[in-house]
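Visitor: I should like to learn how burial, contacts and enclosed cavities are read from a model. Could you take me through them?

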Amino acid sequence: MMGKLCFLSIFTAMILTSQAQYLLPITKHEPTQQFYTTLDIGTTVKSPLNLLLDLGTNLTWLNCHQLQSLTSLHTIACDSDSCKVIPGNGCNENSCLYQQPNPLGSENITGRVVQDAASFSTTDGGNLLSQVSLRIFTFSCAYNLQGVSPPVDGVLSLSPGSSSFTKQVTSDFNVIPKLALCLPSYGTGRFYVAGVYYIIPPFDNSTNQIPKTLTPMRTDSGDYLISVQSIYVDGTPLTLNPNLLLGGVGAKLSTVVPYTVLHTDIYNALAQSFTLKAEAMGISKVASVAPFKDCFDAQNVAGKDMTGPNVPKIEFGLPGKTGEVTWGFYGANTMVKASEMVMCLAFYDGGMNPNDWVVIGTHQLQEYLLEFDLSTSTFAFSDSLLLHSTTCSSTSPS
């Protein structure tokens, strides 16, 4: 039986027992559509750095030139246990090095592996409540900062790997290996580590809990993958090559890809079905607006409600405990405004030979509570919070 919960506040990090949980803010940077949180790096002199959230990065890396002090920064020796546990580590003059893909650019990131303290504020999305610290936080001082631009100073690793930020927190504090994200469509959202309860008004985790649906999750590739067995548009399944979705396509979840990317055959089937359903609703097709292929006359859309434009609903069919479950996406998550007159289907054609046939991007993930539980290998998702007249954000849209 895990230790007794100690509620310091409804949003305060509870660090006294093995059921502690930690809550960090998620900020959406509108110009780049990137989502980041803020960590204070350093022991005595703390440097606040904005780090992009990435479910696929194995080791946090950052621009160490942004640190206000290097006095508490320690390099890691090649023969140390801290270096050996990082898959694919290298060595330079007995200093541990690590190279990994860069989610922000085409070139790999190489950096010197170092350790320092990391502190983060627990918040309710905007108000400071408490602060906790990782006394020894392992990360990389990156040499090549391709793709990094203000306000982001680096990338925070949320991968299932043993060296990720989330794994370091859950191991150091002896809490459940789980993370949850509530990506906001505006303002400030929520990033939970070892989440036990989620309070997003009007949900209070007592009699009124956020309803979630579970599906199996794989992490064998270093990414978080779920199985897409079928895709529906307003309840009608897509007609696909049987070999394409037979047994379910491994769909990767991404916090850096802005729009869901689909294999060409899947994209074409989705776009064709969506267009037929939209035209039946009186929504006319118009010329494409790069980078989107299928666009529509926004003036033909009959109204807008809490879930966005009134357009056909898209659903992904996933394996559940007793049969197929569906993850539904509404207009706010399926359409993007290209101009005052035009809105487009917010999916990308990924070509005929993509690395992943389905990559679910942040536009589709916004305004859902998403839980990645490594202790049970399950992924849980809520309904769109917009259906409940609430959002992931603690601030109002401007």
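Guide: The turns below treat two residues and then a cavity. Please note that this is a predicted model.

Visitor: Is Leu-39 buried or exposed?

Guide: A residue counts as buried when its relative accessible area is under 20%. Leu-39 has a value of 0%, so it is buried. Its place is in strand E2, which spans residues 34-41.

Visitor: Which residues does Leu-39 touch, beyond those up to four places away in sequence?

Guide: Its contacts include Leu-24, Pro-48, Leu-51, Phe-120, Phe-137, Leu-156 and Phe-165. Ser-119 is also among them; the C-alpha atoms of Leu-39 and Ser-119 lie 5.9 Å apart, although 80 residues separate the two in sequence.

Visitor: Where is Gln-366 placed?

Guide: Gln-366 is in the loop between helix H6 (362-365) and strand E29 (369-373). With a relative accessibility of 5%, Gln-366 is therefore classed as buried. Outside its neighbours within four places in sequence, it contacts Lys-28, Phe-35, Leu-183, Pro-184, Ser-185 and Asn-333.

Visitor: How is empty space found, and how many cavities of 30 Å³ or more does the structure hold?

Guide: In general, a probe the size of a water molecule is rolled over the atoms to show where empty space is left. Here there are two cavities of 30 Å³ or more. The second largest has a volume of about 30 Å³.

Visitor: What lines the second largest cavity?

Guide: Its lining consists of Thr-166, Lys-167, Thr-170, Pro-177, Lys-178, Leu-179 and Leu-374. Helix H2 (165-172) and strand E11 (178-182) each give two or more residues to this lining, and H2 gives the most, with three. By class, the lining comprises three nonpolar, two polar and two charged residues.

Conventions:
Residues numbered from 1 in each chain as written. Predicted model: local features only at pLDDT ≥ 70, side-chain atom pairs only at ≥ 80, totals over all residues. Heavy atoms only, no water. Helix = DSSP H or I, 4+ residues; strand = E, 2+ residues; numbered from the N terminus. Buried < 20%, exposed > 50% of the residue type's maximum accessible area, 1.4 Å probe, protein only. Contact = heavy atoms within 4.5 Å. 1 Å grid on protein atoms, 1.4 Å probe; cavity = no way out; pocket = protein on both sides within 12 Å on 5 of 7 lines; lining within 4 Å. Points joined across faces, edges and corners; volume = space filled by probe spheres on them. Nonpolar A, V, L, I, M, F, W, Y, C, P; charged D, E, K, R; others polar.
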